[in-house]
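Here is a briefing on one protein model and its ligand. Please keep the structure open while reading.

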Amino acid sequence: MSEKKIWWRDAVIYQVYPRSFKDSNGDGEGDLGGVIAGIPYLADLGVDAIWLSPFYKSPNKDGGYDVSDPRDVDPRFGTLDEAKKLIDTAHAHGIKFIADIVPNHFSTEHAWFKAALASPKGSPERARFHFYDGRGPNGDTPPNNWISIFRGPSWTRVTEPDGSAGQWYLHLFDSSQPDLNWANPDVEEDFEKTLRFWLDLGADGFRIDVAHGCVKDKIDVDHRDPNRLIDALRLDFLDITTEERAGLLSDVPFFDREGVHDIYRKWRKIFDSYSGDRMSVAEAFVYPSSRAARYVRSDELHQVFNFNFMMLGWDAKIMSESIKTTLEELKDVKAPATWVLNNHDTPRVVTRIGSPRKARALAQLIHSLPGGVYIYQGEELGLPSADLPDAARQDPAFIRSGGSDKGRDECRVPLPWDSTQPHYGYGTGTPWLPQPADWAQYCMNVEAADPASSLNFYKQMLQLRRGNASLGGEGAITWIDSEPEVMHFTREPGLEVVVNTSSVEKSVKVSGKKILLASHEGTNATDGVLQLPADTTVWLER
Ligand code: GLC
């Protein structure tokens, strides 16, 4: 008898960035009411689950990843009752709900941080964060030379309650995001409360923000090259050799420390104490990639985002090597792989690989691999990153870098729903980021009416995946030798996949006869030979 299928192991999970999904109250910012209204659309698209980026109380200096109360909803997103209604509505449509949890830092507006500022040096209130004295005779040099991921120093000096210049606190991200001290038991206890709060409300899982960052090491030591380290940490920073990147990333004092695993072992016990296969997925950018598997050992988390694959170009040889490596690295821990093409922190896949055609073929490839898939809102519409005037940008990465880093706003522009409505039906108020003038073509109503649209392609792909044990699942891949620009494999029980990443048509010998899905027209299989146009993926039934 086969084991019970565990839903998350090969789920299609759709990321909602709620601020940009749909605005139900006309204030120009998306909200929970908008997500509730969008559930039928997502059910129709055919996703198994939604993951919502944070909608908790927050001054919103970093798109809600600066949380001031993790157990309440920010009024700009709605109310706790609406969160409950959203979870129930998703469930009623057969969609699981995954919340985002941000354990590395709070907002400076969190009651704990305010209390820390009002309390003296050495107090229990300060011990929940990383407060240190500065260096130099007046303490006006930061405790170490680390640079924030968003650039600029990773330390900010506070003014003591008596008005004097005081201690410094650590923030790996914006100065509004003070890092929590996980060596302090209050922190552990509070996060347990938060996990239970959302689990009790019905959440089916968590995406764990900066999962590799919670524990810090060597705070009393300067880094040998802190600026270059931040360059090396940027997934899209290419002006660096593999050797230099490896040298810098093999020992980052604030990432991937052994102690983080103790946290997740405790969390796993909490997840397992609930019924219904609750799950977690780690945002852990670690080096080398093999270390990611350590986050998904059987007594830790469930999935880890596969960022290495996400950053690859459209190249059959490089992608197949990466797929093999991913599956090999996860084999021992028996965790399923994940495949993701973009998210709210990266350029949209169409823009990153430079063509909607390639993006569609790439999407079809990842949907045929073993494990789970993540789709970022708007990806199904084939949305490109948007051009934005600098004046519109709000990302702290843009602000703190003085504009040298354009930031992540370009992939966060509010979604186009309906070409007949103002603001493409996103809402009645002026959207918080301007939508490009040529986005009518991407509106859901326009794409829904066009059989050849990206939306209809995604729908068809998800529908086929749902009903076919060879797509997703956990079965092995059998690779078939092919020329360098072609990827060719089979999956049990009955699928054959061929991908052409070159710019010319290829003829490929195949055993499958019936074409189940092709990312583009012009494909045909006769007498065991497949004619495959440039930049196309095909599924054949064997
Ligand atoms: C993660 C989030 C990103 C955020 C950062 C700090 O990388 O995905 O959006 O800025 O953490 O919380």
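The notes below go from the ligand site to charge pairs, a helix, two polar residues and the cysteines.

The model is predicted. The protein covers 95% of the 310 Å² of accessible area that the ligand has on its own. The count of salt bridges comes to 48. The count of disulfides is zero.

**Ligand site**

- The ligand is surrounded by 14 residues. The closest are Asp62, Asp209, Glu283, His344 and Asp345.
- Glu283 places an N or O atom of its side chain 2.7 Å from an oxygen atom of the ligand.
- His105 has a polar side-chain atom 2.9 Å from a ligand oxygen atom.
- Arg408 also has a side-chain N or O atom 2.9 Å from an oxygen atom of the ligand.
- How much of the ligand's own accessible area does the protein cover? The cover is 95% of 310 Å².
- Asp62 and Asp345, listed among the closest residues to the ligand, also belong to a salt-bridge network. Arg408, with its polar atom 2.9 Å from a ligand oxygen, is in that network too. Asp395 and Arg412 complete the set of linked residues.

**Salt bridges**

- Side chains of opposite charge can pair when their charged atoms come close.
- Asp179 and Lys216 form one such bridge, with N to O at 2.7 Å. Asp179 sits in the loop between β8 (165-170) and α4 (185-201), and Lys216 in the loop between β9 (205-208) and α5 (226-233), so the pair ties together parts that are 37 residues apart in sequence.
- Are Asp179 and Lys216 buried or exposed? Both are buried.
- Lys406 and Asp390 also meet in a salt bridge, at 3.0 Å from N to O. This pair links distant parts of the chain, 16 residues apart. Lys406 is in the loop between α12 (396-400) and α13 (444-448), and Asp390 is in the loop between β13 (372-376) and α12.
- Lys406 is partly exposed, at 36% relative accessibility. Asp390 is partly exposed as well, at 38%.
- Asp88 and Lys84 form a salt bridge within one helix, α2 (residues 80-92). Their closest N and O atoms are 3.2 Å apart.
- Asp88 and Lys84 are four residues apart, about one turn of the helix. An α-helix has 3.6 residues a turn, so residues three or four places apart point the same way.
- Asp88 is partly exposed at 37% relative accessibility. Lys84 is partly exposed at 31%.

**Helix α11**

- Why is helix α11 (residues 356-366) described as largely enclosed by the rest of the structure? Eight of its 11 residues are buried, so the rest of the structure largely encloses α11.
- The buried residues of α11 include Arg360 and Gln364. Ala359, Ala361, Leu362, Ala363, Leu365 and Ile366 are buried as well.

**Ser148**

- Ser148 lies in the loop between β6 (131-132) and β7 (155-159). Its relative accessible area is 0%, so Ser148 counts as buried.
- A polar atom of the Ser148 side chain is 2.8 Å from the backbone nitrogen of Phe150. The Ser148 side chain also reaches the backbone oxygen of Phe173, at 3.1 Å.
- Beyond residues up to four places away in sequence, Ser148 touches Pro153, Ser154, His171, Leu172, Phe173, Ile230 and Arg400.

**Tyr274**

- Tyr274 is in the loop between α7 (260-272) and β10 (279-282). Tyr274 has a relative accessible area of 16%; the limit for buried is under 20%, so Tyr274 is buried.
- A polar contact of 2.8 Å joins the side chains of Tyr274 and Asp200.
- Leaving aside neighbours within four places in sequence, Tyr274 contacts Arg196, Leu199 and Asp200.
- The C-alpha atoms of Tyr274 and Gly78 are separated by 27 Å. These two residues are 196 places apart along the chain.

**Cysteines**

- A disulfide is a covalent bond between the sulfur atoms of two cysteines. A search of the whole structure finds zero.
- Why does Cys443 form no bond with Cys411? Cys411 holds the closest cysteine sulfur to that of Cys443, but the separation is 19 Å, too far for a bond.
- Cys443 is buried, at 0% relative accessible area. Cys214 also counts as buried, at 2%.

How values were computed
Residues are numbered from 1 along each chain as its sequence is written. This is a predicted model: local features need pLDDT of at least 70, side-chain atom pairs count only at pLDDT 80 or more; totals for chains, interfaces and linings use all residues. Side-chain values use heavy atoms; hydrogens and water are left out. Helices (H or I, at least four residues) and strands (E, at least two) are DSSP runs, numbered from the N terminus. Buried means under 20% relative accessible area, exposed over 50%, partly exposed in between (1.4 Å probe, protein chains only). A polar contact is a pair of N or O atoms within 3.5 Å; within protein, one must be able to donate a hydrogen and the other to accept it, and residues adjacent in sequence count only if both atoms are side-chain atoms. Contact means heavy atoms within 4.5 Å. A disulfide is a pair of cysteine sulfur atoms within 2.5 Å. A salt bridge is a side-chain nitrogen of Lys or Arg within 4 Å of a carboxyl oxygen of Asp or Glu. A residue is near a molecule or strand if one of its heavy atoms lies within 4 Å of it. Accessible areas come from the Shrake-Rupley method with a 1.4 Å probe; for residues, only the protein chains shown count as cover.
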